[in-house]
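Me: I have a model open here and would like to go through it with you, strand by strand where that helps. Could you keep the answers plain?

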Amino acid sequence: MKYALVTGGSRGIGRAICLQLAAMQYPILINYRSNHEAAIDTRLQIESKGGKAELLSFDAADPHSADDAIGHWQDTHEGDSIAILVNNAGIRMDSMMVFMQNEQWHKVVDTTLNGFFYVTRRLLKDMLTSRWGRIINIASLSGLKGLPGQTNYSAAKAALIGASKALALEVAARKVTVNVIAPGFIETDMTRDLDEKQLKQMIPAGRFGQPEEVAALAGFLASNEAAYITGEVISVNGGLYT
Ligand code: NAI
């Protein structure tokens, strides 16, 4: 069976993507780092709709943790493969650069950029051998235009976009596509501390987006119909930045 792995899949945008891909009949691997209960809840939501899901716990920012978990899954799933990878795990640790600590810089880059590298490299060989794969990376408006207080996050997301474009060219001939979704402001735990009332005045659509609106695009990019789209960055931002 062809599985879809979603990093940081236990809540927010990742959870919505898990539900979307499950509705497309893909068995789902819900990756999470520590929130076991939220991951179980996502699995139950998938199963209640007739889908199939398994939990796969690892820290995307730790190469050994990701390698061990994926290796163990592969050892116990002969004949199955992970054909769709959504690199969704991400964190924010905002600070003006003049006050930014090394830890704030490294943790954000480790999660978004290094996490993408460790997990994607691990799964690429199988996708290339089976000549079909979908890699969908969740970047951000912040990686396209830069946002103050987010030099770490903007750098990590912009680098993720660059890496995705390069990888798309490396693997296109093997029918593996690599695309990026750049959400604007989406209502999740990550944006809970923001002043939504003030920020939505800047958004042409007049509101924050919903995780399902990002997931719908991920579903399309994962489909066979999207086979000729690769190396693209698609915004889901209510017209905030185009
Ligand atoms: P969230 O905070 O609800 O979800 C992030 C998920 O990633 C959490 O489940 C978290 O546990 C997981 N995660 C963090 N570090 C991890 C690690 N090392 N290993 C495994 N999992 C890890 O936030 P949200 O909004 O759902 O974010 C999902 C993605 O969307 C992130 O990459 C974020 O940067 C991106 N994004 C979100 C926007 C928003 O407005 N909510 C806007 C633009 C991008």
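Me: Which residues of β5 are buried on one side, and which on the other?

Reply: Bearing in mind that this is a predicted model, the two faces of β5 are both covered, with G133, I135 and N137 buried on one side and R134, I136 and I138 buried on the other.

Me: Why is β5 largely enclosed?

Reply: The strand runs over residues 133-138, and six of its six residues are buried, so β5 is largely enclosed by the rest of the structure. The cut-off behind that word is a relative accessible area under 20%.

Me: What does β5 pair with, and in which sense, starting with β4?

Reply: Strand β4, which covers residues 81-87, pairs with β5 in the parallel sense, and the pairing runs over four bridges. Within that pairing, L85 is the residue opposite I135 of β5.

Me: And how many bridges are there between β5 and β6?

Reply: There are six bridges between β5 and strand β6 (residues 176-183), and this pairing is parallel as well. Here I138 stands opposite I181 of β6.

Me: Going back to β4 and β5, what kind of unit do they make with α4?

Reply: Together with helix α4, which spans residues 102-130, the two strands form a β-α-β unit that is right-handed.

Me: Changing topic to the surface, which residues make the nonpolar patch?

Reply: The patch is made by M96, V98 and F99, and its area is about 370 Å². Of these residues, V98 can be placed in the loop between β4 and α4, and V98 is exposed, with a relative accessible area of 70%.

Me: OK, now charges. How many salt bridges does the structure hold?

Reply: It holds ten salt bridges. As general background, side chains of opposite charge can pair when their charged atoms come close. One of the salt bridges here joins the side chains of D94 and R92, with an N to O distance of 2.9 Å. In that pair D94 is partly exposed at 33% relative accessibility, and R92 is also partly exposed, at 23%.

Me: What about D189, which residue does it meet at 3.3 Å?

Reply: At 3.3 Å, N to O, the side chain of D189 meets that of R11 in a salt bridge. D189 sits in the loop between β6 and α7 (196-199), while R11 sits in the loop between β1 (2-6) and α1 (12-23), so the pair ties together parts that are 178 residues apart in sequence.

Me: And which residue meets D189 at 2.6 Å?

Reply: That is R192, whose side chain forms a salt bridge with D189 at 2.6 Å, N to O. Taken together, R11, D189 and R192 are linked in a network of salt bridges.

Me: Are those three exposed or partly exposed?

Reply: D189 is partly exposed, with a relative accessible area of 38%, and R11 is likewise partly exposed at 45%, whereas R192 is exposed at 60%.

Me: Last one, and a jump: where does S48 lie, and how many Å separate its C-alpha atom from that of D193?

Reply: S48 belongs to helix α2, which covers residues 36-48, and S48 is exposed, with a relative accessible area of 61%. The C-alpha atoms of S48 and D193 are separated by 31 Å, and the two residues are 145 residues apart along the chain.

Key
Residues are numbered from 1 along each chain as its sequence is written. This is a predicted model: local features need pLDDT of at least 70, side-chain atom pairs count only at pLDDT 80 or more; totals for chains, interfaces and linings use all residues. Side-chain values use heavy atoms; hydrogens and water are left out. Buried means under 20% relative accessible area, exposed over 50%, partly exposed in between (1.4 Å probe, protein chains only). Two strands pair if DSSP finds at least two bridges between them. A crossover is right-handed if, with the strands pointing away from the viewer, the path from the first strand over the helix to the second runs clockwise. Patches are made of residues with over 30% relative accessible area and no salt bridge: like charges are joined within 9 Å, nonpolar side chains (Val, Leu, Ile, Met, Phe, Trp, Tyr) within 5 Å. Accessible areas come from the Shrake-Rupley method with a 1.4 Å probe; for residues, only the protein chains shown count as cover. A salt bridge is a side-chain nitrogen of Lys or Arg within 4 Å of a carboxyl oxygen of Asp or Glu.
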